[in-house]
Each structure stands twice: as structure tokens, then as C-alpha cells.
Amino acid sequence: MAAPSHRRSLRKRRVLAVSAALVAAAAGAGVLVANANAGTVDLYHQTLAAKDGWASSGAGTTGGSKADAAHTFTVSTRAELVKALGSASDTTPRIIKVKGTIDANTDDSGKKLTCADYASGTGYSLSAYLKAFDPATYGRSKLPSGAQETARAAAQNKQAKNVVLKVPANTTIVGVPGSNAGLNGAMLQIQSVDNVIVRNLTFAATEDCFPQWDPTDGDDGNWNSNYDAVTLRGATHVWADHNTFTDAPHFDTANPKYFGREYQIHDGALDITKSSDLVTVSRNQFTSHDKTMLIGSSDSEPAGKLRVSLHHNVWKGIVQRAPLARVGQVHIYNNLYDVTPLNGYAVQYSINSRAKAQVVAENNYWKVPSSVKVAKLLSGDGTGAVKDSGNLVNGTVTDLVAAYNAASSKDLKTTVNWTPTLTAGLTSATNLPTELATTTGAGVLS
Ligand code: CA
Ligand code: CA
């Protein structure tokens with residue numbers, strides 16, 4: 001990673017005098033079902049509406065809405081947030097209000113921690129690491145091992161102790177309106193727990209100080225990083241709503257290359273893996289990022305889980321994985337994909353369906369510049385399905401699967417084994433560019 005001075009936050013602030021529901025109605029979107037209880041219930045106690053995607057199935061997703069006063073927290077520092085999160089095994093309902101921007105790379109007294117601080121005492125240095133594992137001398141057949149790899153892992157563990165924040169079951173984490181609420185440099189880890197709500201937060205600058213070289217990854221090797229801004233692992237009933245995800249202010253164009261490969265300090269924005277299930281991701285903005293969203297991290301994830309709904313999100317300046325779907329039943333509706341290059345992020349593809357994923361992609365809107373071929377918007381391994389309908393490219397109904405299959409040897413299957421029924425708010429795609437401009441991301445909710 002470059003100098004820690006890159007870690008200034010970049011914030012968009014929108015303070016609206018009227019509720020998001022009214023804005024949506026004014027834009028012709030009709031009822032904003034995701035906030036059906038707004039107006040009668042305050043932001044912190046709101047729950048996922050009925051039929052609002054996979055997270056509404058069964059008992060639904062209520063987060064910490066039943067929290068008592070002793071488990072309702074307002075936090076403005078990393079230490080306060082850690083204390084409010086408590087034990088990952090404590091299932092007492094809790095509401096955590098995040099006021100302002102919290103920097104995860106700070107110690108318990110609030111002092112800024114740099115990559116050098118984490119490396120201190122471990123014996124790690126990038127120059128020594130590069131010397132130890134230069135393919136010219138170390139070869140390309142095995143993963144790094146030895147003193148410098150041990151030291152790198154130790155330094156990485158020190159950073160992880162600070163930036164990985166574990167969320168217990170029955171928790172709502174919400175940004176306080178008007179406070180530029182968010183987490184910088186953090187990985188919110190929702191692992192093996194049920195019933196979590198994450199809303200109105202900007203997740204920025206999640207960066208690994210200590211990427212690992214893997215000469216066996218792909219043809220030329222890769223530098224891999226450890227942290228997603230939000231990561232779901234074996235989590236169920238999760239609602240991620242009205243958040244903003246961005247690499248800002250350190251974009252990938254600033255990454256150096258070592259051994260001819262990009263020194264990648266970012267991993268996922270919101271990854272949903274390891275048999276996570278029943279997830280609704282709504283009205284977020286994903287911007288200026290490469291590997292944005294995994295649904296499933298391995299082709300061998302077991303069948304029957306990884307059921308995810310993605311709706312009314314904006315994907316802007318995304319290279320790939322929006323999402324990369326494996327195995328599960330995934331409903332992608334009413335999203336806006338703007339694949340115009342942004343901050344050096346040029347699209348490889350938007351949606352990838354592999355490992356027999358059953359994707360229904362309907363009524364989404366793609367803004368596509370003339371430099372990008374429509375056949376590039378999808379991807380697959382020949383076993384994944386995408387049933388598509390009602391998708392617009394620059395306002396014109398377009399059969400994305402037909403375009404992709406005509407240009408590819410690994411055709412997407414065009415039929416799926418399910419029919420979505422939890423489809424709150426599903427409309428045609430026509431008005432999405434105007435509607436979603438003012439109703440998505442952090443800073444909109446009041
Ligand atoms: Ca990841
Ligand atoms: Ca073909």
C-alpha cells in the first residue's frame with residue numbers, strides 16, 4: 001500500500017428535506033416498499049418489509065429492532081464500535097448508530113495506525129519480501145514460505161485485529177443521518193450469524209497493508225488481499241440497504257506492479273460466501289471498485305444456499321463481479337449498471353453466472369458507452385444460467401444472454417429452476433436512471 005496519507009475519506013452528502021419514499025414516488029417509482037414502515041418507525045427500528053427479496057423469507061429480517069435501551073448504542077470511534085458489537089456469540093438484539101466516519105486503522109485510544117505500525121516488530125519489509133520471492137530466484141511453482149512470509153502473515157494479523165469487526169446475530173447497524181456516517185478501512189464480518197441489518201453507511205478505503213504473492217494464481221501469479229468492506233460467511237437473513245461502497249481515495253490506478261502484476265490492496269466490496277443464505281441487497285451504490293461482489297467463493301459450494309436478491313442498486317465504475325454468482329438462486333432486478341469507465345475502472349463484465357448458478361436478471365438498466373460491447377456485459381463458465389427479460393441498454397430492450405452467447409463458446413443456460421416471488425418494488429426499468437440517482441447509497445435516509 002502507498003502512504004497512509006491516501007486514506008482521507010471522500011464523501012458525498014445529500015441532505016434531503018423529504019423522505020426517500022417521497023422522492024421515489026415523485027420519480028414515478030410508486031411505493032418504496034423497502035421502507036414501508038418509514039414514517040411510523042424510526043430509522044433505527046425499521047425492519048425489512050414483507051416480500052422484499054430473499055431476506056424476507058421465513059421469519060424475515062428484523063435485525064436489532066427489539067433492542068432494549070441497554071443495547072442501543074451511538075458510536076463515533078473504533079473502540080466504541082468494538083464495545084457496542086460485543087461478543088460475536090451474544091445474540092441479544094442490539095442497535096448500533098454510527099455517528100460520523102470511523103477509521104478502523106486506529107488504536108483503542110484513537111491514534112492513527114499506519115502500515116508501518118502493523119509491520120513494526122514482525123521483521124516484515126516489502127523490499128525483503130520482494131527479494132525473497134522474486135520468481136527469477138524463488139520460481140513460480142509454490143506459494144511463498146519462509147521467514148518473510150511468516151513475517152508478512154504476522155503483520156497482516158496485526159492489521160486484522162484492528163480492522164476486522166465481527167457482527168453478532170440480531171444486530172442493526174445504521175449510520176446517523178446527516179453525520180457522513182461510515183467506516184474507513186474496515187471489514188465488517190457477518191459470520192455464522194442470523195438476522196443482521198446494515199444501512200446508511202459509506203464503506204471506503206478497505207485496504208490490506210500486506211497483500212500476499214501467489215505465483216500459482218492464474219498464468220502469471222497474483223497479489224491477493226484479505227479484506228472485503230462487508231463480508232458474509234455462513235450468514236443468514238441479512239439486509240444491506242442504502243450503503244455506499246468505494247475504493248476512494250486510493251484507486252487501483254495508483255497500485256504499483258511487482259513481478260509484473262498489480263499489487264492489489266483491495267478485495268471484495270460485499271462478498272456473500274460460504275453457504276450464506278437469504279440475503280437482500282437493496283439501494284446501495286457500488287462504485288470505483290474491481291472485484292465487487294462474490295456470491296459463493298468456490299465452485300464446490302453446496303447447493304441449496306446462496307439465495308440472494310439484488311435490487312435498486314447502482315453499479316458505477318465497476319470492473320467485474322456485479323455479482324459473480326455461483327450455485328444459488330439469485331434475483332437481480334431494477335439495478336442500474338453504468339459501465340462508463342470511471343476513475344480508471346473499466347468494465348470486464350457486469351454479471352457472471354457459473355457453477356450452475358440460477359440467475360434471474362430482469363428489468364435492469366445498463367448505460368453503455370460505444371466503447372463497450374453488449375456481449376461483454378455477461379460472463380459464465382457454461383454451467384450457469386441467466387434468465388433475462390425487460391433489461392434495457394441505453395433505453396432499448398436488449399436480450400443480453402443472446403448477445404453474450406452469440407459471441408462466446410461457453411454459453412449461458414437460458415432457463416432456471418425457480419420463479420422469484422419475493423419481488424417487492426419490481427417495476428419496469430425505464431425510469432431507473434432518474435429514480436436511482438436520488439434514492440440510493442448512504443446519506444439519503446432520514
Ligand atoms: Ca473476499
Ligand atoms: Ca455461443
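This dialogue goes through a disulfide, two calcium sites and one serine in a predicted model.

User: How many disulfides does the structure hold, and which residues form a disulfide?

Analyst: A disulfide is read from the distance between two cysteine sulfur atoms, with a cut-off of 2.5 Å. The structure holds 1 disulfide. C115 and C209 form it, with their sulfur atoms 2.1 Å apart. The pair links distant parts of the chain, 94 residues apart: C115 belongs to helix α3 (residues 115-119), and C209 to the loop between β9 (202-204) and β10 (212-214).

User: What is the handedness of the link between C115 and C209?

Analyst: The angle about the S-S bond is -75°, and the link is left-handed.

User: Are these cysteines buried or exposed?

Analyst: Buried means under 20% relative accessible area. C115 has 13% relative accessibility, so C115 counts as buried. C209 counts as buried because its relative accessibility is 5%.

User: Which protein donors does the calcium ion (ligand 1) have?

Analyst: A metal site is read from its donor atoms; water is not among the atoms, so sites may look incomplete. For the calcium ion (ligand 1), the protein donors are D228 (OD), D228 (OD), D267 (OD) and D271 (OD), at 2.3 to 2.8 Å. Along the chain, the donors follow the spacing D-x38-D-x3-D. D228 and D267 link distant parts of the chain, 39 residues apart: D228 is in the loop between β11 (222-224) and β12 (230-233), and D267 is in the loop between β16 (261-262) and β17 (270-273). With 3% relative accessibility, D228 counts as buried; D267, with 17%, also counts as buried.

User: What coordinates the calcium ion (ligand 2)?

Analyst: N405 (O), S408 (O) and D411 (OD) coordinate the calcium ion (ligand 2) at 2.1 to 2.4 Å. The spacing of these donors along the chain is N-x2-S-x2-D. N405 counts as buried because its relative accessibility is 16%, whereas S408, at 21%, counts as partly exposed.

User: Where is S57 found, and which residues does S57 touch?

Analyst: A contact list is read together with the position of the residue. S57 is found in the loop between α1 (20-26) and β1 (72-75). Leaving out residues up to four places away in sequence, S57 touches H237, L278 and L422. The side chain of S57 also reaches the backbone oxygen of W54, at 2.6 Å. S57 has 15% relative accessibility, so S57 counts as buried.

Conventions. Residues are numbered from 1 along each chain as its sequence is written. Chains are lettered from A and ligands numbered from 1 in the order in which they are written. This is a predicted model: local features need pLDDT of at least 70, side-chain atom pairs count only at pLDDT 80 or more; totals for chains, interfaces and linings use all residues. Side-chain values use heavy atoms; hydrogens and water are left out. Helices (H or I, at least four residues) and strands (E, at least two) are DSSP runs, numbered from the N terminus. Buried means under 20% relative accessible area, exposed over 50%, partly exposed in between (1.4 Å probe, protein chains only). Donors are N, O and S atoms within 2.8 Å of the metal (3.2 Å for Na, K and Ca); water is not among the atoms, so sites may look incomplete. A polar contact is a pair of N or O atoms within 3.5 Å; within protein, one must be able to donate a hydrogen and the other to accept it, and residues adjacent in sequence count only if both atoms are side-chain atoms. Contact means heavy atoms within 4.5 Å.
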